[in-house]
Amino acid sequence: MPYQAPVDDFRFILEHVIGFSDVAATGRHAEMTPDVTDAILNEAGRMCDEILAPLNRAGDLEPARLENGVVRTSPGYAEGYRAIAEGGWVGMAAGEAYGGMGLPMALVTCVNEMMGGACLALQLNPLMTQAEIEALESHAGPDLQALYLPKLISGEWCGTMNLTEPQAGSDVGALRSKAEPNGDGTYRITGQKIYITWADNDFSDNIVHMVLARLPDAAEGTKGISLFLVPKFLPDADGRPGEANSLRVVSLEHKLGIHGSPTAVMEYDGATGWLVGEAHGGMAAMFTMMNTARLGVGSQAVGVAEAATQAALAYAQERRQGKVGGTGTIIEHADVRAMLARMRAETFAARAITLACAKAIDLGREGDAAAKARAALLTPIAKAFGTETGINVADLGIQVHGGMGFIEETGAAQFLRDARITAIYEGTNGIQAMDLVGRKMMDGGEAAFALIDEVQTGAEAARDTLPDLAEPVWQAAEAMREATERLVGRPPAERFAGAMPYLRGFARLLGAHYHLRAAQAGEGRRRRLASFYVERMLPEQAAHLAALRAGPDCVMALDAEDLVA
């Protein structure tokens, strides 16, 4: 069964679960009527179904390769990228001043998920460019904006993020790349970067690298980092790609998955670059890129979960094994049906969380301080839970296929191999959890308590019509409130050992909250799926919070020698 973009599910969640009408009520997005949003979702879905999805397997079987210094992309990727660019999907979130569509982040997240579900390896390309566009809109000067934004937004040029070095992964402050002033407003960039997603391709006119480096007078650590724009080809007087810059792709990584996405080691040897933002202010610009990418990564992993669920469901409806009633296929077996139900329920929950985060971003941009705080709170949850959902659902998809899932020809294993990286890049999930219990709790838990209040208010409103679902959700919210009170009462350093259990417990609660809303708005399968989640999956929150209550001692009491044997 080929991938089909879940347009109806997006429409339902936007309208009945997260309240997208609040975004449409703002002056910035007043044109986002139901007819307009439907047209956008339908057109993006058509492209994903007809053009991108057929490329997914080709990219896995015929990876991008480096030939004599030139990156050759997978068959059909050039045509797929052209469809993305010509449809305006690269610059869909960008401002209209330079040709962007100016779409709200909630709709952007829907489209990015669809593209990720259709062909994750290719979708990574526009995702990186989107992050670069936002960084330039927020931090670059008018000259850089005027030259680069139209090309990036149109998709004529592509963008990358160059953060990681061999000795500087999550510890970005340990980077050694340097930038020396040329005296004319440009800088000589020298250093090596690794794990650079879509560092090069053979279908765009130019590649615009965003590179973190250190100026000669910079302090050590993150406070001394600056951000530079370094193009593959230096624009000429007319803004067209001209002389080649002093940079090159050294090699492409041999990866577990996303084979169609060229991940490179990059070498900069006195390459010409331009400062973006303030000197020594690169971390602010970097986080602009990374926060956009973190939500995007969470949503793309949910897309993989959707694709894996569709594939597993199609197989389960065809495969005959054992003596069962009904259709005679394995979907009649209780174990298989339970796995499929978990895949579907988990995907819905993660999708709703990413879209709720996107909505909060939209309202935060309108000056709503509470929405801005909620977006900050939800971003690490959306990234970590979304990516864990992609991995876990893809793993279940293999199990539904049985032995055939372990055979590459079915394609079930590709979903797991592709999704696995999402929990690592743009800040590992452990870092997301530490951010949640650390920086995002610096308000004393105010944003978290506000969200918990909303969950409990929603559960109380559902008591009359759905008491069997409402009561467990209310109780889970109360447990989350107590856990948050306990958490914020600890010193930040003592929170980290329980950071992942706290994040997972919060995600379980939010999943139940959004399933309850779906059950209130829908009949039949919406209520049955919500019942499955609340009865079979929400109780897992108790285990997560028990691990949180255990504190750090049982973790930190173990020394290295305890683990070696």
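**Strand β3 and its partner**

I began with C158 and looked up its bridge partner in β6, which is I207. I am working from a predicted model throughout. The two strands, β3 and β6 (residues 206-214), run in the parallel sense where they pair, and I find six bridges between them. I then asked how covered β3 is: the strand spans residues 157-162, and six of its six residues are buried. Taking the two faces separately, I noted W157, G159 and M161 pointing one way, with C158, T160 and N162 pointing the other way, and the residues of both sets are buried.

**Nonpolar cores**

Next I looked for the largest nonpolar core, which has 172 residues, and I listed M114, I381, Y502 and F506 as the members with the most contacts inside it. Helix α6, covering residues 105-139, gives the most to this core, with 20 residues. Another core lies apart from it and has 18 residues, including Y187, V211, L247 and M266. For background I wrote down that nonpolar side chains tend to be buried together in soluble globular proteins.

I went back to M114 and, setting aside its neighbours within four places in sequence, recorded contacts with Y3, A5, P6, V7, F10, L41, A44, G45 and C48.

**Cysteines**

C48 led me to ask how many disulfides a search of the whole structure finds. The search returned zero. Why does C48 have no bond to C119? Its sulfur is 9.7 Å from the one in C119, the closest cysteine sulfur, and this is too far for a bond, since a disulfide needs the two sulfur atoms within 2.5 Å. I also checked C357, whose closest cysteine sulfur is that of C110, at 13 Å, again too far for a bond. On accessibility, C48 is buried at 0% relative accessible area, and C357 is likewise buried at 0%.

**N42 in helix α3**

I placed N42 in helix α3, which covers residues 34-52, and found it partly exposed, with a relative accessible area of 39%. Leaving out neighbours within four places in sequence, I recorded V7 and R11 as the residues in contact with N42. I also compared the position of N42 with that of R72: the two are 30 residues apart in sequence, and their C-alpha atoms are 32 Å apart in space.

**Salt bridges**

I counted 36 salt bridges in the structure and followed several of them individually. R11, met above as a contact of N42, forms one with D8, the closest N and O atoms being 2.7 Å apart. Both residues lie in helix α1 (residues 7-17), three residues apart, about one turn of the helix. Is D8 buried or exposed? At 56% relative accessibility D8 counts as exposed, because the limit for that class is over 50%, whereas R11 is partly exposed at 22%.

Within helix α3 I found R46 and E43 three residues apart, about one turn of the helix, and joined by a salt bridge whose closest N and O atoms are 2.8 Å apart. R46 is partly exposed at 33%, and E43 is partly exposed at 40%.

In helix α14 (residues 467-488), R481 and E478 are also three residues apart, about one turn of the helix, and their side chains meet in a salt bridge at 3.6 Å, N to O. Here R481 is buried, with a relative accessible area of 16%, while E478 is partly exposed at 22%. My final entry is a network in which salt bridges sharing partners join D9, E113, E306, R344, R351 and R526.

Terms used: Residues are numbered from 1 along each chain as its sequence is written. This is a predicted model: local features need pLDDT of at least 70, side-chain atom pairs count only at pLDDT 80 or more; totals for chains, interfaces and linings use all residues. Side-chain values use heavy atoms; hydrogens and water are left out. Helices (H or I, at least four residues) and strands (E, at least two) are DSSP runs, numbered from the N terminus. Buried means under 20% relative accessible area, exposed over 50%, partly exposed in between (1.4 Å probe, protein chains only). Contact means heavy atoms within 4.5 Å. Two strands pair if DSSP finds at least two bridges between them. A nonpolar core is a set of buried Ala, Val, Leu, Ile, Met, Phe, Trp, Tyr and Cys residues joined through side-chain atoms within 4.5 Å. A salt bridge is a side-chain nitrogen of Lys or Arg within 4 Å of a carboxyl oxygen of Asp or Glu.
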